[in-house]
Amino acid sequence: MALSDQELKEIAYLARISVKEESLPSLKKELEDILDLFKQLDEANTTEVNAMSHPLDLSQPTRKDEVTEEDLRDELLKNAPSVKSGLFLVPKVIDGEN
Amino acid sequence: MKNYSEDWEAVIGLEIHVQLSTKSKLFSGASTDFGALPNTQACNIDLAMPGVLPVLNEEVLKMAVKLGKALNAEINSPTSFARKNYFYPDSPKGYQISQMDKPIVENGYLDIETENGGKRIGITRAHLEEDAGKSLHDDFEGQSGIDLNRAGTPLLEIVSEPEINTPKEAVAYLKSIHSIIRYLEISDGNMAEGSMRCDANVSVRKIGEEKLGTRTETKNVNSFRFVEKAIQYEIERQIHEIESGNKITQETRLYDSQVNTTRPMRSKEFANDYRYFPEPDLLPVNLEKEFIEEVLATMPEMPTEKKERFVSEFSLSQYDADLLAADKDIAEFFEEVTKISNSPKLSANWIMGELSAELNNENLNIKESKVSSNKLGQLISRIEDGTISGKIAKDIFEKIWTTGKEVDDIIKEEGLEQVTDDKEIELMIDEVIENNPQQLEQYRSGKDRLFGFFVGQVMKASQGKANPKQVNDILKSKLEK
């Protein structure tokens, strides 16, 4: 299955992976091989098969609605490169979406 | 901008995010309390630390089942979760756990009241998902601050069919959803605090046209009034664009309530592609029949049922019943007042009149009322049994509001009992007639309007305490002599 350079760049962007221009051809070849492997699945007849969203035939266990976690802010903030007034600091974001 | 002409119609669909009032988060045991110090309610799971796994909160399933029932919808079992992938600093995992193929609630409807009568709005689905954290854009030396307390708070996103045609219908629909979630006690529905948020998908087309126009999505609308104004603005903007020969771009816009406009959000180089896939960390959820039945057994009386009962049990008008039943707290207050006053109609009038005026004045909700349901009930029963007049009752109401005193104490202390003794009233009337010979003569020579003058004088002489009906009757017979 052939991928265009544009598609490749979009996929990289969505995954936030920076790809150098010179590595595009080899990356493209690898991705195309993977897609070809997946393509083999199309050969299987699935008309009688129900969609499956999990391989385990179990139902999701639940927990009671109780607060069980304590405040670990000081410890968790230690992992961050930059903090202020109890907030994680990140590069400026504008116009939130989602 | 000019008013849009009658050749156009708008097609509106709403996406309403409802924050569920659970104690803990959707997939973690961190607290969901509003207003805590930043990041003090964000645990390892909310922060997506390596090796953690989500564990589903049982309460959200109950809440979703109740909502599904209230929206006349199907409950999917099994229902399953999916990953919605995107990168944003307030979402530490790099994805949001949401639902795609099997949302917990699907195919429902809601009947709303519009200016042109009842209308049924289809509900496509309602699905569970995690809320994101908050980005604070104050100046942190050119950086943004991230508070993850809200990350992982459970949301139900309710998606309507594009079957709403006017801004007013959109508000009626939104208010109806608000009323339902408050009745079900699954959310406080506080729009100012963001517990209920609304995005509006709006497009326009010429009336008679089958094909839908290009739609925009307007975000950031956080009050009933703004929903109406934002949609109105967006409809007029789109019609204006098309009539000027321009095309509508499919885009996300932000509503700015300060200047009442919508503006496009910064568009990106590539379109977002959320690459949904089944959430591998969570199994599909089977909702056992017994579980659903147990939950449904706890369903409270819903606004429409309550409204109908108010009409049949208390003989209230549709209009009064609708107003009282729309808000759960007001409806409960009304029933408490009526229990004591034994007069549903008077109770309704007082709650929607005097009481609601005072509450508005001081910006209080009915639970914060300075006149309790108990006292208002007693006050009305004193009007009903003839102890005081309606006019005096208003003064007493003011006094209870400011002093919190008991109704009967105020009546006794200030001698406000209504004068119902015929003899006493007669004496007052005689005096008024004697003091106004000129008016008496004019009245007897045919100036009927002066009757009101005499009533006024007698009421004044009695300091408002004479029983108005008796005053009328006795006065009439005296003047006719």
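**Close-ups of a predicted two-chain model**

**View 1. Confidence along chain A.** Among the elements of chain A, S1(A) comes out with the highest mean pLDDT, 96, while H1(A) has the lowest, 89. Keep in mind that this is a predicted model. Taken over the whole of chain A, the mean pLDDT is 88, with 95% of its residues at 70 or more. A general word of caution goes with such numbers: where pLDDT is low, the predicted coordinates should not be read in detail.

**View 2. Where chain A meets chain B.** Here 38 residues of chain A are in contact with 47 residues of chain B. Which elements of chain A supply at least two residues each to the side that touches chain B? They are helix H1 (5-14), strand S1 (62-63), helix H3 (73-77) and strand S3 (87-91). S3(A) gives the most, with five residues. Sorted by character, the residues on this side of chain A split into 15 nonpolar, 13 charged and 10 polar.

**View 3. A strand pair across the two chains.** Zoom in on S3(A) and you find it paired with strand S9 (residues 143-147) of chain B. The two strands run antiparallel and are joined by four bridges. To find your way around, start at A:Val90, whose bridge partner in S9(B) is B:Ser144. As a reminder of the general picture, strands of a sheet pair through backbone hydrogen bonds, either parallel or antiparallel.

**View 4. A three-stranded open sheet in chain B.** The strand order is S5-S4-S15 in chain B, and the pairing is antiparallel. Why is one side of S5 (95-98) and one side of S15 (277-278) left without a neighbour in the sheet? Both of these chain B strands stand at the edges and have a single partner strand each, so one side of each stays free of a sheet neighbour. Strand S4 (residues 82-85) of chain B is joined to S5(B) by four bridges. One pair to pick out is B:Lys84 with its bridge partner in S5(B), B:Gln96.

**View 5. Helix H9 of chain B and what covers it.** H9(B) covers residues 373-384, and at 1.5 Å a residue its 12 residues should span 16 Å; the end C-alpha atoms are 16 Å apart, so the two agree. Its buried residues include B:Leu376, B:Leu379, B:Ile380 and B:Ile383, and B:Lys375 and B:Arg382 are also on that list. What lies over the buried residues of H9(B)? The cover includes helix H7 (328-341), helix H8 (344-361), helix H10 (390-403) and helix H11 (407-413) of chain B. Just after H9(B), look for B:Gly386, which takes a positive phi of about 85°.

Note on methods
Residues are numbered from 1 along each chain as its sequence is written. Chains are lettered from A and ligands numbered from 1 in the order in which they are written. This is a predicted model: local features need pLDDT of at least 70, side-chain atom pairs count only at pLDDT 80 or more; totals for chains, interfaces and linings use all residues. Two strands pair if DSSP finds at least two bridges between them. Two residues are in contact if their C-beta atoms, placed from the backbone, lie within 7 Å. Ala, Val, Leu, Ile, Met, Phe, Trp, Tyr, Cys and Pro count as nonpolar, Asp, Glu, Lys and Arg as charged, and the others, Gly among them, as polar. pLDDT is the predictor's confidence in each residue, from 0 to 100. The expected span of a helix is 1.5 Å times one less than its number of residues. A residue is buried if 20 or more other C-beta atoms lie within 10 Å of its own, exposed if 12 or fewer, and partly exposed in between; C-beta atoms are placed from the backbone.
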